[in-house]
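The following exercises introduce a protein model through its helix packing, its principal pocket and its backbone. Each task is followed by a solution in steps.

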Amino acid sequence: MRPDNRQFDELRPWNIQVGVLDYAEGSALVESGKTKVICAATIEDRVPSFLKDQNRGWVTAEYSMLPRSTLTRSPRERGGKIGGRTMEIQRLIGRSLRCVTDLDALGECTITVDCDVIQADGGTRVASITGAWVALHEALKRLAQEGRLDGDPMLDSVAAISVGIVQGTELLDLNYDEDSSAEVDMNIVMTGRGKLVEVQATAEGDPFSLTAMNRLIRLGQRGINAVRDLQKKAVQS
């Protein structure tokens with residue numbers, strides 16, 4: 001039995017609220033156990049220079065953790081002083097969103113999704129990806145209502161979950177204590193149609209087998225299916 005009395009294949013309590021911010025074109029609050037992330041989508045009528053005059057859009061993301069989102073205060077990342085972990089996570093979020101977005105159907109605009117962790121207890125990147133898709137969905141809905149889209153740029157949904165091996169046991173949706181002591185730590189990003197976007201897997205001690213990796217991916221897929229149902233309920237509400 002896990003510290004919070006969950007079974008090995010049981011998610012933490014997840015909740016997704018949509019439209020939590022008045023001014024953002026799309027927004028969502030994701031709660032995964034004690035982890036809480038606010039995602040806000042902004043639409044701007046510009047594109048990066050490498051997309052100029054191509055009639056294509058762009059989707060990107062930024063990620064940050066508030067100073068007291070953890071047990072001790074961490075300094076804010078200001079200006080160009082962005083840590084390697086932050087850079088890696090926000091690139092992951094952006095890649096995940098672009099994998100399910102038709103940039104040609106978006107037109108010349110940029111949608112930036114800001115993911116701000118207000119409380120962290122493990123799984124902040126997977127919660128950010130899951131909530132970022134909901135915020136992006138709402139922003140695209142706004143563009144459609146304004147008559148600025150010729151088609152639907154949303155190709156599919158995307159969500160993510162963490163899995164790992166802790167004390168020899170394969171676990172779904174790790175909290176911080178489990179993640180910090182895991183022998184294997186894995187983050188899985190998957191589309192609604194069940195295609196993999198990214199798998200980040202690390203052995204913290206002894207190497208692990210391909211068989212174990214495949215079992216973890218299957219375990220993660222079951223968790224992502226449940227999270228995807230929550231995404232659908234959120235955007236339909």
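Two residues are in contact when heavy atoms lie within 4.5 Å. The model under study is a predicted one.

**Exercise 1.** Determine which residues of α3 meet α5, and classify how the two helices are oriented.

*Solution.* Step 1: On the α3 side, the residues in contact are Thr-130, Trp-133, Val-134, His-137, Glu-138 and Lys-141. Their partners in α5 are Val-227, Gln-231 and Val-235.

Step 2: Sorted by class, this contact comprises four nonpolar, three polar and two charged residues.

Step 3: The axes of α3 and α5 (residues 210–236) are 10 Å apart and make an angle of about 30 degrees. Angles under 35 degrees count as roughly parallel, and α3 and α5 are therefore roughly parallel to each other.

Step 4: The crossing of α3 past α5 is right-handed.

**Exercise 2.** Carry out the analysis for α1 and α3, and state how they are oriented.

*Solution.* Step 1: Helix α1 spans residues 84–98 and helix α3 spans residues 124–145; their axes come within 10 Å and cross at roughly 40 degrees.

Step 2: The helices α1 and α3 are therefore oblique to each other. The crossing of α1 past α3 is right-handed.

Step 3: From α1, the contact draws on Arg-85, Glu-88, Ile-89, Leu-92, Ile-93, Ser-96 and Leu-97. From α3, it draws on Thr-124, Arg-125, Ser-128, Ile-129, Ala-132, Trp-133 and Leu-136. By class, the contact of α1 with α3 contains eight nonpolar, three polar and three charged residues.

**Exercise 3.** Describe the largest pocket: its volume, its lining and the elements that contribute to that lining.

*Solution.* Step 1: The largest pocket holds about 1,200 Å³ of space.

Step 2: Its lining consists of 46 residues, and those nearest its centre are Met-65, Thr-70, Arg-85, Ala-120 and Thr-124.

Step 3: Elements giving two or more residues to this lining include β4 (58–65), α1, α3 and β8 (184–191). The greatest contribution comes from β5, with five residues.

Step 4: The lining residues comprise 14 nonpolar, 17 polar and 15 charged.

**Exercise 4.** Where do Asn-55 and Asp-173 lie, and what is the sign of phi in each?

*Solution.* Step 1: Asn-55 belongs to the loop between β3 (35–44) and β4, while Asp-173 belongs to the loop between β7 (169–172) and α4.

Step 2: The phi of Asn-55 is positive, near 55 degrees. Asp-173 likewise has a positive phi, of about 60 degrees.

Step 3: Most residues other than glycine have a negative phi. Neither Asn-55 nor Asp-173 is a glycine.

Terms used:
Residues are numbered from 1 along each chain as its sequence is written. This is a predicted model: local features need pLDDT of at least 70, side-chain atom pairs count only at pLDDT 80 or more; totals for chains, interfaces and linings use all residues. Side-chain values use heavy atoms; hydrogens and water are left out. Axes are lines fitted to C-alpha atoms, for helices over the stretch in contact, and angles run from 0 to 180 degrees between N-to-C directions. Helices (H or I, at least four residues) and strands (E, at least two) are DSSP runs, numbered from the N terminus. Angles under 35 degrees count as roughly parallel, over 145 as roughly antiparallel, 65 to 115 as roughly perpendicular and the rest as oblique. A crossing is left-handed if the near helix is turned anticlockwise from the far one by less than a right angle, and right-handed if clockwise. Ala, Val, Leu, Ile, Met, Phe, Trp, Tyr, Cys and Pro count as nonpolar, Asp, Glu, Lys and Arg as charged, and the others, Gly among them, as polar. On a 1 Å grid over the protein atoms alone, a cavity is a set of points where a 1.4 Å probe fits but cannot get out, and a pocket is an open set with protein on both sides within 12 Å along at least five of seven lines; lining residues have an atom within 4 Å of a point. Grid points are joined across faces, edges and corners, and a volume is the space filled by probe spheres set on the points.
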